[in-house]
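Okay, thanks for squeezing me in. Have a look at this one on the screen, and I'll walk you through a few pieces of it.

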Amino acid sequence: MKVKTRFAPSPTGSLHIGGVRTALFSWLYAKQNNGEFVLRIEDTDRERSTQESVDVILEGMAWLGLSADEEPIYQSQRFDRYNEIIDQLLEQGDAYHCDCSRERLDTVRQEQQARKEKPKYDGCCRQRTDVNLNEPHVIRFKNPIDGSVKFDDIIKGSIEIANRELDDLIIRRSDGSPTYNLTVVVDDWDMDISHVIRGDDHINNTPRQINLLKALKAHIPFYAHLPMILGDDSKRLSKRHGATGVLQYDLDGFLPEALLNYLVRLGWSHQDQEIFSVKEMVKLFSLEQVNKSPSIFNPDKLLWINQEYIKMQNDSRLAELVKPFIKMLGIDLNRGPELEPVIQLQKERAKTLKDLAEVCAFFYGTIAEYEKKAAKKNLKTKAKKGLQALYKEFESSAWTQEGIKKSIEGVVERQQLSFGQVALPLRVAITGGAPSPGIDETAFLIGRDQVRKRILNAIIFIDQSNPETPN
């Protein structure tokens, strides 16, 4: 059997974490089995579906690298096929016209609830032949009354639903549009989908869809229903838990590989391994090993994984990725050193590309302002003597890391100061107080002229902060 999976989002909003995990698991299973993965846009909801949402889905999938093996399929372009199948079901006697009013349906539902019965359509029009087809009406599938639907879910195990629990679902609305349960069945059949991997909120739809497939004498795919992703309060994941549209993670400076790595671990594990390359995911992932219980979304764990990926990145690639974030800070990369060596020094300090841009910023241009706490502690009057000596020393000393280190040590010795009394004010003077690696490495990359200019500005700052203190 050829494995073929699909991801079938509705373009009614952003592509969120739950959908991305479903797409990832479907993609991994297809790749693992040398199969195919397709993207199907379920845009039959004419009122809520938008082109903007379609674009977000396509951009998000491209950013994540979850490429489909065919061009995207749009349900809105398949209405003729759906109507053909609906006509077939009518001819077979497996569907019927229904003109029950909303008022009647509401009354039936209220009476069922009063009797503590499960609300469902009562089959009023099931045997009728007098429905006026020129008046508004729907078409319902004639669900079997006896027996049950049983299927073996790859994740959940054996599931059995009695047919009497299911009602005669609507397959065509009064406006002529087909409904979800009809379109998904026709699409999965036509596209030879072998495995339907989706959220477990669809479990109730599965027996209805299986009955439709049986009526059409179509093949029945395997099903795997993924447990939900919850927030740390065990409630359905939402923005308040830190989850957001997938493209927002791009804007916030997350690497797509890191997001995929985090999502593959939401409900699946392989021994104690935390970091997986995409190749390792394809090799090791198993639907059978996906947990049956919901997973908890942890933003801090996602940040940790993203930080690990930043540390592992090639400096050249990382430099290209961080450039847009640096430009958003209004920084001109021409006013400083080459970016790659700066990245090499600073990438261990960043959890996101946005963080990385911020910790690299002080290498370029001038220091607009000092971090208040750092300046208050280190840019005091007693620091001026050491800074003045460094300003003179750096004018002609060898501009290498070793030369800078020797210059600082020489000032410490001649001025009879501690290393901290010289190096700490220098660090604040040239970084503004930002975290940085060794002072010699940092100063070397910033460059002689810029370092001396920043030292001079720090001395001016000290004088202005202490106007009554004699020079």
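So, how are H3 and H5 oriented to each other? This is a predicted model, by the way, and in it helix H3, residues 79-92, packs with helix H5, residues 180-190, at an angle of about 105°. That falls in the 65 to 115 degree window, so the two helices are roughly perpendicular to each other. Their axes sit 10 Å apart.

Who makes the contact? On the H3 side you've got Arg-81, Tyr-82, Ile-85, Ile-86 and Leu-89. H5 brings in Leu-182, Thr-183, Val-186, Asp-187, Trp-189 and Asp-190. By character, that contact splits into 7 nonpolar, 1 polar and 3 charged residues.

Staying with H3 for a second: this helix also lies across S4, S5 and S8, at about 125° to S8. Those 3 strands make an open sheet, ordered S4-S5-S8, with antiparallel pairing. S4 (95-98) and S8 (170-172) are the edges, each pairing on one side only. On average, neighbouring strands in there are turned by 45° against each other, ignoring direction. S5, residues 138-141, pairs with S8 over 2 bridges, and one bridge puts Ile-139 opposite Arg-172 in S8.

Now over to S10, residues 222-226. Is that strand buried or exposed? Well, 4 of its 5 residues are buried, so S10 is largely enclosed by the rest of the structure. S10 pairs with S9, residues 195-199, in the parallel sense, over 5 bridges; Gly-199, for example, is bridged to Leu-226. Getting from S9 to S10, the chain goes through helix H6, residues 205-215, in a right-handed β-α-β crossover.

Conventions: Residues numbered from 1 in each chain as written. Predicted model: local features only at pLDDT ≥ 70, side-chain atom pairs only at ≥ 80, totals over all residues. Heavy atoms only, no water. Axes fitted to C-alpha atoms, helices over the stretch in contact; angles between N-to-C directions. Parallel < 35°, antiparallel > 145°, perpendicular 65-115°, else oblique. Contact = heavy atoms within 4.5 Å. Nonpolar A, V, L, I, M, F, W, Y, C, P; charged D, E, K, R; others polar. Buried < 20%, exposed > 50% of the residue type's maximum accessible area, 1.4 Å probe, protein only. Pairing = 2+ DSSP bridges. Right-handed = clockwise from strand over helix to strand, strands pointing away.
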